[in-house]
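Colleague: I should be grateful for a close look at a single part of this model, set afterwards in the context of the remainder. Please be explicit about the pairing and the burial.

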Amino acid sequence: MTPSGISRRSLLVGAAALAAAAGPLAAVARAAARTPKVLVIGLDGTLLNRVKDADAPRLKSLMANGLTAASSIYANPFAPTMSGPGWSTIITGVWPDKHNVKDNNFTGQRFAQYPDFLTRIETAKPSLSTYAVSSWAPITDTIFSSKVDTRVSTPSAEYDTGTTSRAVAQLKNTPGPDAVFVQLDNVDHAGHTYGAASRQYLDAIHGVDTQVGQFVDAIASRATYADEDWLVLVTADHGHTDPGGHGGSTWQERQTFLIATGGTTTPGSVRYDVRMPDVAASALAHLGVAIDPAWGLDGRPISQPSPDDFDALRPQLKTPVDESGIGAGVVGFTHTPPAGWSVDNSRMGGGGVTEWRGWSFTTDEFWTKAQRDQQRESNVRARNVFAVADGDEWTDKSFTGTFDSTLISPAWPVRGGAPATLSYVTHYLQESPQKGEVLVSYDGAAPVTVKTYASDVVAKAESLTLNVPAGVSTAQVRFRYTGGNNWYWVIDQVKISAS
């Protein structure tokens, strides 16, 4: 109920009726005038699949009324699946290779270069009010900077109860904060003590679900609620094993998610392209903070999806053929390229593991489950479906010849005589004599090599300047991988931007 005793439904219906009576232009103006606000809720160590199993009506209501996106994180040597790297990634909007948090000690952290999203809000819009409260003290003691208006590390004796009461009080207060971060810890505690497969873990999810409901109700009770546009983001820093614990490279430990409502989210929608750094970017964008490319953020706002050609392949991905460790029900590979693309396997050897014969299109789950702990988990900058040439996995079954496959793009328009930019995400692990070559062909002429890979390049966003010859109108890109029982090459998000 609102403070005046009027139900939230009555308030919203009444507001809608007033807007309709004032006409469509008034309704548009009123919507545009709504004040953006953000609430980020962190549920430490929570698995999305266990949320679905639990008595968690408030979280499930948020899922039904907004966006749900399961996601995955890294593993060693990129960073262990621990809270320090996890919360740092979520809060700064960059992966561990930038913020440099590799454990819970925060040794060597680069928060001055990659500050938390509340600090970026304070810097860009100092008139906005920011608030952070956590049950795990390092978040509010270390990750969030002193520029944040209010940081509270809840006394351990109060734990999540104290964190919840403080957050609720802030959310009810008007005008109150514009951006709020809350972290609850008890699900992680239950995971460590009893394991993710336990009844106690489900009970802990039920407990935080009730607390999430208190936050949502506090927002809805605000006297100014009808004039506000709240983006609510719920996420987790890592998962848990069934017996309990995290820090390793299993699929369960690498699990996280985003549940989002408000803003431009679509009720009941499911996405596969969302990654951990998107939380910070989404909060900034919702509050009207322009994201400067110089910041080097890895996140992108969920309101600004940017699917590539490979992502369109998700509906046609297939279950394993030769791979035995992935899981019979896991869909995640195809050799059929997207429209306009092709794969040249004319020089490709015979036999080998079916899934990886030549360039394949796959997902993080499918590819990393093929073989853990070989840095496939470090492929963090690829999203959704990506292309991979994996000579290491291909040679796990009897084969002949060598791995020699070329991924060929469509012919994209360029301006003759003007520079263009070829950008893509890559993840390349080297072992001689393998090689990765990027070649470009203009108007169908002979391809010219513009980049060669012969050493490790881990999860990098590449940007290559192309000197487009005068008089041409198209450019076509080839990614040729040659090798044998060596390593692999990942390509994703390929595009050419003409000047």
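The part in question is strand 13. How many bridges join strand 13 to strand 21 (residues 488-498), and do these strands run parallel or antiparallel?

Modeller: The model is a predicted one, and the description that follows should be read accordingly. Four bridges join strand 13 to strand 21, and the two strands run antiparallel. One of the pairings involves Asp390, whose bridge partner in strand 21 is Tyr488. Strand 13 is also joined to strand 12 (residues 360-362), by three bridges and again in an antiparallel arrangement. Here Ala387 of strand 13 stands opposite Phe361.

The burial of strand 13 may be taken next. The strand spans residues 386-390, and five of its five residues are buried, so it is largely enclosed by the rest of the structure. Neither face is left uncovered: Phe386, Val388 and Asp390 are buried on one side, and Ala387 and Ala389 are buried on the other. Two of these buried residues have already appeared in the pairing, namely Ala387, opposite Phe361, and Asp390, partnered with Tyr488.

A second strand may be described in the same terms. In strand 3 (residues 130-134), five of the five residues are buried, so this strand too is largely enclosed by the rest of the structure. Thr130, Ala132 and Ser134 are buried on one side of strand 3, while Tyr131 and Val133 are buried on the other. The pairing of strand 3 is parallel with strand 5 (residues 179-184), through five bridges, and parallel with strand 4 (residues 150-153), through four. Towards strand 5, Thr130 has Ala179 as its bridge partner and Ala132 has Phe181. Towards strand 4, Ser134 stands opposite Ser153. Between strand 3 and strand 4 the chain passes through helix 8 (residues 137-143), and the resulting β-α-β crossover is right-handed.

Strand 3 belongs to an open sheet of eight strands with mixed pairing, in the order 4-3-5-1-6-7-2-8. Strand 4 and strand 8 (269-270) form the edges of this sheet, each pairing on one side only. Helix 4 (residues 57-64) lies across strand 1 (35-43), strand 2 (67-72), strand 6 (228-235) and strand 7 (255-261), and it runs at about 70 degrees to strand 7.

Helix packing provides a further element of the context. Helix 10 (residues 186-194) packs with helix 11 (residues 199-220) at an angle of about 175 degrees, the axes being 8 Å apart. Since angles over 145 degrees count as roughly antiparallel, helix 10 is therefore roughly antiparallel to helix 11. Helix 10 makes the contact through Asn186, Val187, Ala190, Gly191 and Tyr194, and helix 11 through Gln200, Tyr201, Ala204, Ile205 and Val208. By class, seven nonpolar and three polar residues take part in this contact, with no charged residues.

A loop residue offers a contrast to the buried strands. Ala33 lies in the loop between helix 2 (24-32) and strand 1, and its relative accessibility of 57% counts as exposed. A distance of 54 Å separates the C-alpha atoms of Ala33 and Asp344, which are 311 residues apart along the chain.

How values were computed:
Residues numbered from 1 in each chain as written. Predicted model: local features only at pLDDT ≥ 70, side-chain atom pairs only at ≥ 80, totals over all residues. Heavy atoms only, no water. Buried < 20%, exposed > 50% of the residue type's maximum accessible area, 1.4 Å probe, protein only. Pairing = 2+ DSSP bridges. Right-handed = clockwise from strand over helix to strand, strands pointing away. Axes fitted to C-alpha atoms, helices over the stretch in contact; angles between N-to-C directions. Parallel < 35°, antiparallel > 145°, perpendicular 65-115°, else oblique. Contact = heavy atoms within 4.5 Å. Nonpolar A, V, L, I, M, F, W, Y, C, P; charged D, E, K, R; others polar.
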